[in-house]
Amino acid sequence: MESEGKNKMDYELVGTSKVYRNVRLGVRVAIGDNSVIGQPWKKGMPENIVTIIGDDSYIGNNVTIEAGVKTGDKFTAEDGSRIARNCIFGDLVAIGLNAVVLEEAKFEGMNRLHALGFVSEYSEIGYGAWMGPQVALFNAPHPKCPKAKFCERDYAPRIGRFVRIGGGARTIPGVIIGDYALIGAGSVVLKPVAEKSVVAGNPAKVIKSIGELNCWDKAKYGIEHPYDVQNLPKAPEDLEKRLAELGWRIKKE
Ligand SMILES: CC(C)(COP(=O)(O)OP(=O)(O)OC[C@H]1O[C@@H](n2cnc3c(N)ncnc32)[C@H](O)[C@@H]1OP(=O)(O)O)[C@@H](O)C(=O)NCCC(=O)NCCS
């Protein structure tokens, strides 16, 4: 229910969705029903907090995007997803059905967070990282400790570039995952993961490196290994410039 705040009239309706003032929508942005873009998170908050949705983006039904979020181009927020304030997304990021991304999380670009994913506050997700359904990345080591709000930033997840996180995996606060690593389905990751390694289980242990992964049916699919470790993908050279344009370096203390 809308409170009696000053913000009450500060939006326009696009179909059945609310788009608040100070939202800059790019071109060709499609918006479904009952979504809210640029949602103020408290009464009387500063009016100059800009929300940006990049070109060619798609915001589904029942999506909430709080004020201060900035997305690159080709951003997708599927039905029921919720993106909290001041998150920054590079180009080509897709947030899945009913997934939650909490405040000030940053995604470098070319990322997928699948259905029911949970990304905690201040997380940093490297370019090309992919997260399966029900992945959860945590940041409060001792929930409800009186200092929890202060240490969440220090213990925020850091996910490297081109990491793949299998469905249902969880990372414990403070975990850093190296570039190209692969996390097995359902794993609980308690320790830092070295780049290019494959970890699995609870607690997650190194089982091999991505170069040692074999295709489960080589005859049928015609490949030996799922990853060509000699030709791993790289982030675009102008990535830093692009992220700076999106405000990546602006850190709110
Ligand atoms: C981790 C993973 C990549 C390993 O694949 P793999 O190397 O071909 O697996 P292997 O069959 O060689 O398994 C090696 C060992 O790890 C164990 N293992 C594999 N995956 C595991 C997992 N997710 N959790 C716990 N143990 C696992 C195996 O039981 C095996 O143990 P053993 O040597 O004692 O028998 C794969 O099992 C996985 O979890 N992929 C992610 C699937 C996913 O979530 N996809 C996205 C959503 S659709």
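1. Overall size. The radius of gyration of the protein, taken over C-alpha atoms, is 19 Å, which agrees with the value near 18 Å expected for a compact globule of 253 residues. That expectation is 2.2 Å times the number of residues to the power 0.38. Along the principal axes, the C-alpha atoms fill a box of roughly 60 × 45 × 30 Å.

2. Basis. This is a predicted model, in which local features need pLDDT of at least 70 and side-chain atom pairs count only at pLDDT 80 or more, while totals for chains, interfaces and linings use all residues. Residues are numbered from 1 along each chain as its sequence is written.

3. Secondary structure. The protein has 3 helices and 28 strands. These are DSSP runs numbered from the N terminus: helices are H or I with at least four residues, strands are E with at least two.

4. Sheet. An open sheet of 10 strands, with mixed pairing, follows the order 1-2-5-8-11-14-17-20-23-26. Its edge strands, strand 1 (11–14) and strand 26 (188–189), each pair on one side only; two strands pair if DSSP finds at least two bridges between them. Within the sheet order, strand 5 (residues 36–39) and strand 8 (residues 64–66) run parallel and are joined by 3 bridges. V36 has T64 in strand 8 as its bridge partner.

5. Ligand. The ligand is surrounded by 14 residues, the closest being G132, G166, G184, A185 and A200; a residue counts as near if its C-beta atom, placed from the backbone, lies within 6 Å. Strand 27 (197–200) and strand 28 (205–209) are the elements that give two or more residues to this shell.
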